[in-house]
Amino acid sequence: MIVKPKGTYDILPEEVKKWTKLEDTIRKICYLYNYKEIRTPIFESYDVFHRDKKDTSDMVMKETYDFMDRGERKITLRPEGTAGIARAYVENKIYAVNPVTKLFYIGPMFRYERPQKGRTRQFHQFGIEALGSDSPLIDAEGIALGTALIRSLGLKGVTVKINSLGDEETRERYRNVLVEYFTKHQDDLCADCRERLLKNPLRILDCKVDKDKEFFLQAPKINSYWTESSKNHFEAVLNALKNMQIPYEVCPNLVRGLDYYSHTVFELEADIPEFGAQNVLGGGGRYDKLISDLGGPQTPAFGMAFGLERLLLATELCGKKLDKPDSIHIYFIALGEKAREECGKIMNICRIGGLACEMDYLGRGIKAQFKDADKNNAHFTCILGENELAEFKINIKDNMTDIQETISLYEVYNYVINKLNQSAGVCAGCTKKE
Ligand code: HAM
């Protein structure tokens, strides 16, 4: 029997529904933030990923699938989306059309890693790339999009960990200080870190082996070496996150695994006990030199990516079901012709505002309408009778909590939106309490 390659897996029909739901949720959120979908090849020229000898990240050095095709071209299966998109951005001169380009992608990536829970050799990423702006607001917007996704999936216990690697001057200064510091502690370093000391000392800070040792905790921190403009950029990002009420934790040792980053770097980490070691759902940062390294004009950029497998695993462990039946936001129950007309009007307003609604079109009695609301998995049921209509009032029931209130006819849309915001993440596609 021929079996699947190590580190790959099949997504069987019963699993596919979860994947399409997750992808639908991602597309809805990208639409709200005005990111447009791009699809680039799954394999690229080797040079797209192996750009220069200074890149010492494990991903580029040890994990890419490289091969010669039948035409003797050196090819690499993409291990991530960013470099391929940067290549497409330059090759298609997208910069000449849009000064700021906001793109997203969903698709398979390939890394020759040691497979374990949450880590496979073929996996799927959802990523965004915002090219052309150095505004800290773009960094904050990208992080907000990431947290919106986490919220939409109903995930709890996810922390935004953030740091700044500053500009080139910052990293150069910090690099020298780190080399001096860790050279003194060379004998205490693990074998990998001794190698990193020569090639990429910042990556020592990523070490999982030494991270709790005293000499490691005492290592100089990058924030003491930020240039004024690096510090200002980072403070502006944090300020924008505060304004959007997005909690974060500044982690001075966060450096990320890829070598193209500058300024903001961040990760979304899940505190889910059963998750295992691979608890980073997604991450990214600013990469202001990648486009010019690929032959394009100097273009500041920011992006991030999530592992879809990890998002699915997290939703499962948090007891959230993605493959549940479709649902709507509001079902309108109308008693009498006038009430039906009025419901039609309110429903139209709600739909224009993005709420999925339904009502009865068969003139059925109240019992049958309640049944239909149930069948449609309505989050809210609005009930309008002649008496309420005379007072411009309507009854609204939250089917998740069973709380019923009487509100003004004109308030329905705002009421539902506020409730949805409060229950964080309940969006079209979520259903009643399980
Ligand atoms: P990354 O941190 O290498 O960043 O990958 C992003 C996410 O992909 C990880 O947080 C993880 O959820 C998932 N992932 C990575 N490797 C595996 C694997 N072997 N198995 C399962 N899931 C995995 C990047 O790829 C950057 N391109 C992100 C970015 C975009 N930075 C700027 N723009």
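Trainee: In which loop does Asp 402 lie?
Mentor: This is a predicted model. Two strands flank Asp 402, one of them strand E16 (403-408). The residue lies in the loop between E15 and E16.

Trainee: What is the phi of Asp 402?
Mentor: Most residues other than glycine have a negative phi. Asp 402 is not a glycine, yet its phi is positive. The value is about 70°.

Trainee: Is Asp 402 buried, partly exposed or exposed?
Mentor: Buried requires under 20% relative accessible area and exposed requires over 50%. Asp 402 has 47% relative accessibility, so it counts as partly exposed.

Trainee: Where is Phe 392 found, and what is its phi?
Mentor: Phe 392 sits in the loop between helix H14 (386-390) and strand E15 (393-398). Its relative accessibility is 47%, so Phe 392 counts as partly exposed. Although Phe 392 is not a glycine, its phi is positive, at about 55°.

Trainee: How far apart do the C-alpha centres of domain 1 and domain 3 lie?
Mentor: The domain assignment gives domain 1 as 13-167 + 245-317 and domain 3 as 329-425. It also gives domain 2, residues 169-226. Between the C-alpha centres of domain 1 and domain 3 the distance is 40 Å.

Trainee: Which domains does the largest nonpolar core lie between?
Mentor: This core has 88 residues. Helix H5 (residues 136-152) supplies the largest share, 8 residues. Residues come from two domains, so the core lies between domain 1 and domain 2.

Trainee: Which residues have the most contacts inside the largest nonpolar core?
Mentor: One of them is Leu 281. Leaving aside neighbours within four places in sequence, Leu 281 is in contact with residues including Ile 150, Leu 268, Phe 306 and Leu 311. The residues with the most contacts inside the core are Phe 126, Phe 182, Leu 281, Phe 306 and Leu 311.

Trainee: How are H1 and H11 oriented to each other?
Mentor: The axes of helix H1 (residues 13-32) and helix H11 (residues 308-317) come within 11 Å and cross at roughly 105°. Angles of 65 to 115 degrees count as roughly perpendicular. H1 and H11 are therefore roughly perpendicular.

Trainee: How do the residues of the contact of H1 with H11 divide by type?
Mentor: H1 contributes Lys 18, Trp 19, Leu 22, Glu 23 and Ile 26. From H11 come Leu 308, Glu 309, Leu 311, Leu 312 and Glu 316. The division is 6 nonpolar, no polar and 4 charged.

Key
Residues numbered from 1 in each chain as written. Predicted model: local features only at pLDDT ≥ 70, side-chain atom pairs only at ≥ 80, totals over all residues. Heavy atoms only, no water. Axes fitted to C-alpha atoms, helices over the stretch in contact; angles between N-to-C directions. Helix = DSSP H or I, 4+ residues; strand = E, 2+ residues; numbered from the N terminus. Parallel < 35°, antiparallel > 145°, perpendicular 65-115°, else oblique. Contact = heavy atoms within 4.5 Å. Nonpolar A, V, L, I, M, F, W, Y, C, P; charged D, E, K, R; others polar. Core = buried A, V, L, I, M, F, W, Y, C linked by side-chain atoms within 4.5 Å. Buried < 20%, exposed > 50% of the residue type's maximum accessible area, 1.4 Å probe, protein only. Domains from an automatic or database assignment.
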